[in-house]
Amino acid sequence: MVIDFDRCGVNCIHEDAVAEVSQKMLSGEEAQSLADTFKTLADPNRVKIIFALMHRELCVCDLAAVIGASDSAVSHQLRMLRTQKLVKFRRDGKILYYSLADDHIDILFKQGLEHISHSKEWAAKFLELIR
């Protein structure tokens, strides 16, 4: 006999629980927007860019040097992050300086690092750097 740990042993709907959660459920648009945000964050280079910007405002050239990518590649990634309102920029002459769009992004990343630090020793090291 094989036990399936991902399923109930019987089909039983708890009407009160379903009703409670259904009243609070995200709309389709909210769910899509949140999924799009996480999809944008699902790229190692974009994660590195966000992590760098958690520490300070940086220009495109600085970000490229920090993550080891071309200016063009970083600009492309920043465009995607800007579209999702995860980063913002300011212009100083010909230089564009990027920063996190708001404190929510910082909190989201710190929570993510804390989550992975439970199973990864190296993540705990990075978590200490940003506290």
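Visitor: Which residue's side chain meets Lys24 in a salt bridge?
Guide: Salt bridge here means a side-chain nitrogen of Lys or Arg within 4 Å of a carboxyl oxygen of Asp or Glu. For Lys24 the N to O distance is 3.6 Å, and the partner is Glu20.

Visitor: Before we go on, which atoms do the side-chain values use?
Guide: This is a predicted model, so there are limits: local features need pLDDT of at least 70, side-chain atom pairs count only at pLDDT 80 or more, and totals for chains, interfaces and linings use all residues. Residues are numbered from 1 along each chain as its sequence is written, and side-chain values leave out hydrogens and water and use heavy atoms.

Visitor: Back to that pair: by about how much of helix 1 are Lys24 and Glu20 separated?
Guide: Helices (H or I, at least four residues) and strands (E, at least two) are DSSP runs, numbered from the N terminus. Helix 1 covers residues 15–24, and Lys24 and Glu20 are four residues apart in it. That puts them apart by about one helical turn.

Visitor: Is Lys24 buried or exposed?
Guide: Buried means under 20% relative accessible area, exposed over 50%, and partly exposed in between (1.4 Å probe, protein chains only). Glu20, at 46%, is partly exposed. Lys24 has 63% relative accessibility, so it counts as exposed.

Visitor: Which residue does Glu57 meet in a salt bridge?
Guide: This one has an N to O distance of 2.9 Å. Glu57 sits in the loop between helix 3 and strand 1, while the partner is in strand 2, 33 residues apart from it. Glu57 is partly exposed at 29%, and so, at 39%, is its partner, Arg90.

Visitor: Lys110 and Asp106 meet in a salt bridge too, so which of them counts as buried?
Guide: Their side chains meet at 3.0 Å, N to O, and they are four residues apart in helix 6. Lys110, at 29%, counts as partly exposed. At 17%, the buried one is Asp106.

Visitor: How many degrees lie between the planes of Phe89 and Tyr98?
Guide: Rings of Phe, Tyr and Trp (its six-membered ring) pair if their centres lie within 6.5 Å; planes under 30 degrees apart count as stacked, over 60 as edge-to-face and the rest as tilted. A search of the whole structure finds one aromatic pair. Phe89 is partly exposed at 41%, whereas Tyr98 is buried at 4%. The rings are 5.7 Å apart, centre to centre, and the tilt between their planes is 45 degrees.

Visitor: Which helix gives the largest share of the largest nonpolar core?
Guide: A nonpolar core is a set of buried Ala, Val, Leu, Ile, Met, Phe, Trp, Tyr and Cys residues joined through side-chain atoms within 4.5 Å. The largest has 20 residues, and those with the most contacts inside it include Ile49, Leu63 and Val74. Elements such as helix 4 (60–67), helix 5 (71–83) and strand 3 (95–100) each supply at least two residues. Five residues, the largest share, come from helix 3.

Visitor: And what percentage of the chain's residues are buried?
Guide: The chain has seven helices and three strands. There are 131 residues in the chain, and the buried share is 25%.
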